[in-house]
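Student: I am new to this structure and would like a close look at a single part of it, taken slowly. Could you choose one strand and explain how it sits among its surroundings?

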Amino acid sequence: MKKIFVLLITCITFSCSLDDGDQIQVSYEFLPIESVDIPGEFELNENYEITLTYYKPTDCHAFNNVFFERNGDSRTVAVVAAKYNIEENTCETINTEHETTFNLSATQRESYLFKFWQGVDDQGENLYLEIEVPVIN
């Protein structure tokens, strides 16, 4: 009985095809941050909303999330987009402006150094908009 059950499950598993030929591939990429709305100073233990402005290059791009990496007093921030690669590359260039926000709780006494990703230069080096925000007690 066990052998028949295992054979039946195996047949069902291998007889189904999940490949419909029209698979959409998704890749993720950073989109350059054009501008930032951030306070000139933080008050210790207060919460702040930071607004990022970026351009969506094609209609195949969709906002995914905000990349946020902490390294000591420095914070690296980037907009992450999902790019849907549809067959025959039918993406239309749109370059539309969008905004997204994230919240930050000022929990350290030292100034924050934000590095907002703005793309890469001709040598492939990352470019950042750096903003230092002091913390007042």
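Tutor: What follows is a walk around strand β4, with a short view of the whole beforehand and of the neighbouring parts afterwards.

The model is predicted, and its pLDDT averages 87, with 81% of the residues scoring at least 70. Residues 1-17 have a pLDDT below 50, and this stretch makes zero contacts in the model beyond near neighbours in sequence. Where pLDDT is low, the predicted coordinates should not be read in detail. The protein as a whole contains one helix and ten strands, and along the sequence the helix is followed by the strands, in the pattern α-β-β-β-β-β-β-β-β-β-β. Of the 137 residues, 27% are buried. Among the contacts with a separation of 6 or more, 65% are between residues 24 or more positions apart.

Strand β4 covers residues 47-58, and it belongs to an open sheet of three strands whose order is β2-β4-β7, with antiparallel pairing. The edge strands of this sheet are β2 and β7, each of which pairs on one side only, while the twist from one strand to the next averages 20°. On the side of β7, the antiparallel pairing with β4 is made through eleven bridges.

A good residue to pause at is T51, which is found in β4 and stands opposite T101 in β7. Is T51 buried or exposed? With a relative accessible area of 13%, T51 is buried, because that value falls under the 20% cut-off. Leaving aside neighbours within four places in sequence, T51 is in contact with S35, V36 and D37, and also with E99, T100 and T101. Of these partners, S35, V36 and D37 lie in the range of β2, residues 33-37, whereas E99, T100 and T101 lie in the range of β7, residues 93-105.

Strand β4 also has a part in the largest nonpolar core, which has 21 residues. The elements that give two or more residues to this core are β2, β4, β6, β7 and β8, and the largest share, four residues, comes from β4. The residues with the most contacts inside the core are I38, F42, I50, L52, F114 and F116. One of them, F42, touches I50 and also Y48, L104, A106, Y112, F114, V133, P134, V135 and I136, not counting residues up to four places away in sequence. In soluble globular proteins, nonpolar side chains tend to be buried together.

Going on past the end of β4, one comes to the loop between β4 and β5, where C60 is placed. A disulfide joins C60 to C91, with an S to S distance of 1.9 Å, and a search of the whole structure finds one disulfide. The link of C60 and C91 is left-handed, with -105° about the S-S bond. The pair links distant parts of the chain, 31 residues apart, since C91 lies in the loop between β6 and β7. C60 is buried, because its relative accessible area of 4% is under 20%.

Beyond that loop, β5 and β6 pair in the antiparallel sense over ten bridges, and H61 has K83 in β6 as its bridge partner. These two strands form a hairpin with two residues between them, and G72 in the turn has a positive phi of about 65°.

Note on methods: Residues numbered from 1 in each chain as written. Predicted model: local features only at pLDDT ≥ 70, side-chain atom pairs only at ≥ 80, totals over all residues. Heavy atoms only, no water. Disulfide = S-S within 2.5 Å. Buried < 20%, exposed > 50% of the residue type's maximum accessible area, 1.4 Å probe, protein only. Pairing = 2+ DSSP bridges. pLDDT = per-residue confidence, 0-100. Contact = heavy atoms within 4.5 Å. Core = buried A, V, L, I, M, F, W, Y, C linked by side-chain atoms within 4.5 Å. Axes fitted to C-alpha atoms, helices over the stretch in contact; angles between N-to-C directions.
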